Each structure stands twice: as C-alpha cells, then as structure tokens.
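Could you walk me through the buried side of one helix, its neighbour, and the pocket they help to line? Here is the model to look at alongside the text.

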Amino acid sequence: MTDSFIPPRLPMPNRIRDLAEEITLADLLNSPSTVCDAISLMSNILNHAWVYSDIKTPDDISLERDLFTISQAYSIETRRLAFDHLRQRRQLTKNRQ
C-alpha cells in the first residue's frame with residue numbers, strides 16, 4: 001500500500017469541452033453571482049494541494065502558483081466576506097428545504 005492519495009479520474013465529457021474552454025477564471029471573478037464561489041474554489045484548491053504532492057506535475061505546481069498570486073490580490077477581508085456570503089447562502093438553502 002502506498003501513502004499516495006489519488007483523486008478519481010473524472011474526464012470532461014466531450015459535449016461540454018468547447019463550452020468549458022470558453023469560460024475563464026476571469027469570467028467567474030468578474031461576475032457578481034460567481035465571484036464568491038470562485039474565491040472559495042481557489043482557496044479550496046490551495047488549502048488541499050498538499051494532499052496530492054506525490055502526483056503533481058510541473059504544470060500543476062505552476063497552476064497553483066498562479067492561483068495563489070490571484071487569490072492574494074484579494075484582501076483577507078474580501079475573502080472573509082466571500083466565505084461569509086457562501087455560509088449565509090448555504091443556510092438560506094437549508095432553511096428553504
């Protein structure tokens with residue numbers, strides 16, 4: 001048994017590949033309805049990147065470095081506001097069920 005933690009291979013369906021390639025992180029960060037999710041996404045990737053250290057490629061490391069640079073452009077207060085908004089949204093969703 002190995003100490004590696006390997007994520008499942010989740011291939012992107014061909015029918016959505018073109019659409020997915022047209023959407024950028026900039027699009028998500030620029031939209032009021034997705035900016036909080038995009039900030040959370042970057043934080044989750046960066047906070048859990050160590051789990052995959054055994055399988056990272058140079059491209060993965062470069063991507064993480066770029067995400068870190070982008071995420072640091074947002075102040076701590078801005079990131080907290082984003083996370084608070086997501087918590088409030090989850091609570092709203094729970095209350096509606």
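Setting aside neighbours within four places in sequence, I39 is in contact with L29, Y74, R79, A82 and F83, where contact means heavy atoms within 4.5 Å. I39 is found in helix α3; helices here are DSSP runs (H or I, at least four residues; strands would be E, at least two), numbered from the N terminus. Because its relative accessibility is 4%, I39 counts as buried. The classes are buried for under 20% relative accessible area, exposed for over 50% and partly exposed in between, with a 1.4 Å probe and protein chains only. Between the C-alpha atoms of I39 and I61, which are 22 residues apart along the chain, there are 19 Å.

Before going further, a word on what you are viewing: this is a predicted model, in which local features need pLDDT of at least 70 and side-chain atom pairs count only at pLDDT 80 or more, while totals for chains, interfaces and linings use all residues. Residues are numbered from 1 along each chain as its sequence is written, and side-chain values use heavy atoms, with hydrogens and water left out.

**Helix α3**

I39 has company in α3, where V35, C36, A38, I39, S40, M42 and S43 are buried. What covers them? The cover of the buried residues of α3 includes α2, α4 and α5. The helix also has the length one would expect: its 13 residues should span 18 Å at 1.5 Å a residue, and its end C-alpha atoms are 18 Å apart, which agrees. The expected span is 1.5 Å times one less than the number of residues.

Two serines belong to this helix. S40 sits in α3 and touches F83 and L86, not counting residues up to four places away in sequence. S43 is likewise placed in α3, and its C-alpha atom is separated by 13 Å from that of L63, 20 residues apart along the chain.

D27 is found in helix α2. Not counting residues up to four places away in sequence, D27 touches E22 and T34. The C-alpha atoms of D27 and A38, 11 residues apart along the chain, are separated by 9.6 Å.

Here are the accessibility values of the residues discussed individually.

| Residue | Relative accessibility | Class |
|---|---|---|
| I39 | 4% | buried |
| S43 | 14% | buried |
| S40 | 16% | buried |
| E64 | 18% | buried |
| D27 | 40% | partly exposed |

**Helix α4**

Now to α4 (58-72). This helix has 15 residues and reaches 21 Å from its first C-alpha to its last, close to the 21 Å expected at 1.5 Å a residue. Which of its residues are buried? They are E64, L67 and S71. Seen down the axis of α4, the buried residues fall within an arc of 65°, so they line one face of the helix; the arc is that of the directions from the helix axis to the C-beta atoms. An α-helix has 3.6 residues a turn, so residues three or four places apart point the same way. The face turned away from the buried side carries the exposed residues P58, D59, R65 and T69. Covering the buried residues of α4 are elements including α2 (25-30), α3 and α5 (76-96).

E64 belongs to α4. Leaving aside its neighbours within four places in sequence, E64 is in contact with L46, A49 and K56.

**The largest pocket**

E64 also appears in the lining of the largest pocket, together with P7, L41, I45, H48, A49, Y52, I55, K56, D60, L63 and L67. A pocket is an open set of points on a 1 Å grid over the protein atoms alone, where a 1.4 Å probe fits, with protein on both sides within 12 Å along at least five of seven lines; lining residues have an atom within 4 Å of a point. About 280 Å³ of space lies in this pocket, the volume being the space filled by probe spheres set on the points, which are joined across faces, edges and corners.

Which helix supplies the largest share of the lining? That is α4, with 4 residues. Both α3 (35-47) and α4 (58-72) supply at least two residues each. By class, the lining has 8 nonpolar, 1 polar and 3 charged residues, where Ala, Val, Leu, Ile, Met, Phe, Trp, Tyr, Cys and Pro count as nonpolar, Asp, Glu, Lys and Arg as charged, and the others, Gly among them, as polar.
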